[in-house]
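Me: I would like to learn how to read cavities, pockets and sheets in a model. Can we work through one example together?

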Amino acid sequence: MMVICSCKVNQIAIEVSNPSDIKHDRTTVEIPWNDISAKLPSVKPTEIMVVSVKSGEEIPSQAVYHGQEKPQMLIFQVSLAAKESADFLIKEGKPKPYAAKTYGRYVPERKDDFAWENDRVVFRMYGPALAKENPSNGVDMWLKRTDKMIVDQFYNDDLKNKKSYHVDHGEGLDCYKVGHELGAGGVSPYVNGKLWVGNHYATQQVLDNGPLRTTFKLTYNNLPVEDKTFSEELIISIDAGSQLNKAEVTFTGDFSEIQVAGGISLHKEIGNMQSSVEKGYIAYGETATSDAGVPAGRNYVGVLIPKGMTESIQESGHLLALAPYKKGDSFTYYFGGGWSKWGFESDDAWFNYMEQFSIRLKNPLKVTIK
């Protein structure tokens, strides 16, 4: 007798494996939403969960929209030793509430800043209202030593004169200086031996906002390059647990091919630096000091270009990583930083982080839908 099963499929089996010889720690796994909806056509983005087969526990996940009306992918994070694999189930169900590990927003109450963070570090970019005193497309960095989201608290306390975020009150501080420079990993054209630093962003848009990934888009107009002006679209995303942001950059203007530079500002007291064209990164460590002159350990900055880095140079008060750029292309690079009071006990520990990040990018995890 033939038995016809009309059982409804309500889960997808996933294997994530690490074929490399290095450890992946809190690496983000991306599953295209089309692959999920093909097997679970009725599933809703708000009613999907990821479960570890080994432990039976739910794993925090996020439906990523990237500014679109429909989800583009589902993400979650795994840690795997070399050659290790793990199985997961994607299931229909009501997920537990997760504590946000990433966050970002436009801050009109503080001169149009755009600020964002994860559980490791905080960054901000400068908007139109700050342009008169600090016109720059460079990256500012706040040092933090808590996995809590602190952007709103720091701004609120500072604006109400409760606490200055330029002083460490136990959770971190802003002691990094940018000025009209690239700061902690900004990007600009490098043409005819000169770095062309831009000004403030013109528009901002949040594309996703946690709990595991925050993504936003900034646009820049009237970037000066010799006697011409360029425009720039900059899409930045930060994942939970990462010291580095991913940036996708598109320049438009009167050119066919130029050089671009990801840069690190070299402050008055030149610090310790390391670079590797082969591995595609530049890294820097320097003494951190609060506005009150109080020593605040060491702060660290890095820029990583996974494909196409041609050289690193010290120029115009910066350590720069150079790469070619063709009009119409999207240039991808990573930038970020860290602190000696939140996970990096030495300059060498930071340099090793940058090297290992580069190696992991070139040895990604393998995802198999069973």
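Me: How many cavities of 30 Å³ or more does a search of the whole structure find?

Reply: Keep in mind that this is a predicted model. The search finds 1 cavity of 30 Å³ or more. About 40 Å³ of space lies in it.

Me: Which residues line the largest cavity?

Reply: Read the lining as a list, then map it to elements. Here the list is Met125, Asn137, Val139, Gly186, Val187, Tyr220, Glu232, Leu234, Ile236, Tyr333 and Phe335. Strand E13 (184–191), strand E17 (228–239) and strand E25 (331–339) each give two or more residues to this lining. E17 gives the most, with 3 residues.

Me: How do the residues of that lining divide into nonpolar, polar and charged?

Reply: The split is 8 nonpolar, 2 polar and 1 charged. Glycine counts as polar in this scheme.

Me: Now the open case. What volume does the largest pocket have?

Reply: The largest pocket has a volume of about 1,200 Å³. Its lining holds 42 residues. Those nearest the pocket centre are Thr27, Thr28, Asp239, Phe357 and Leu361.

Me: Which elements each supply at least two residues of the lining of the largest pocket?

Reply: They are E2, strand E16 (213–225), E17, strand E18 (244–252), E25 and helix H3 (347–362). By class, the pocket lining divides into 15 nonpolar, 15 polar and 12 charged residues.

Me: On to sheets. What is the order of the strands in the open sheet of 3 strands?

Reply: The general idea comes first. Strands of a sheet pair through backbone hydrogen bonds, either parallel or antiparallel. In this case the order is E2-E6-E5, and the pairing is antiparallel. Strand E2 (24–32) and strand E5 (61–64) are the edges, each pairing on one side only. Neighbouring strands of this sheet are turned by 30° against each other on average, direction ignored.

Me: How many bridges join E5 to strand E6?

Reply: There are 4 bridges between E5 and strand E6 (residues 73–80). Take one residue as a check: alanine 63 has leucine 74 in E6 as its bridge partner.

Me: Which strands are the edges of the open sheet with 5 strands?

Reply: Read the order from end to end. It runs E8-E9-E10-E11-E12, with antiparallel pairing. The edges are strand E8 (102–107) and strand E12 (172–173).

Me: Which residue in E12 stands opposite lysine 144?

Reply: Glycine 172 does. Strand E11 (residues 140–144) and E12 are antiparallel and pair over 2 bridges.

Conventions
Residues numbered from 1 in each chain as written. Predicted model: local features only at pLDDT ≥ 70, side-chain atom pairs only at ≥ 80, totals over all residues. Heavy atoms only, no water. 1 Å grid on protein atoms, 1.4 Å probe; cavity = no way out; pocket = protein on both sides within 12 Å on 5 of 7 lines; lining within 4 Å. Points joined across faces, edges and corners; volume = space filled by probe spheres on them. Pairing = 2+ DSSP bridges. Axes fitted to C-alpha atoms, helices over the stretch in contact; angles between N-to-C directions.
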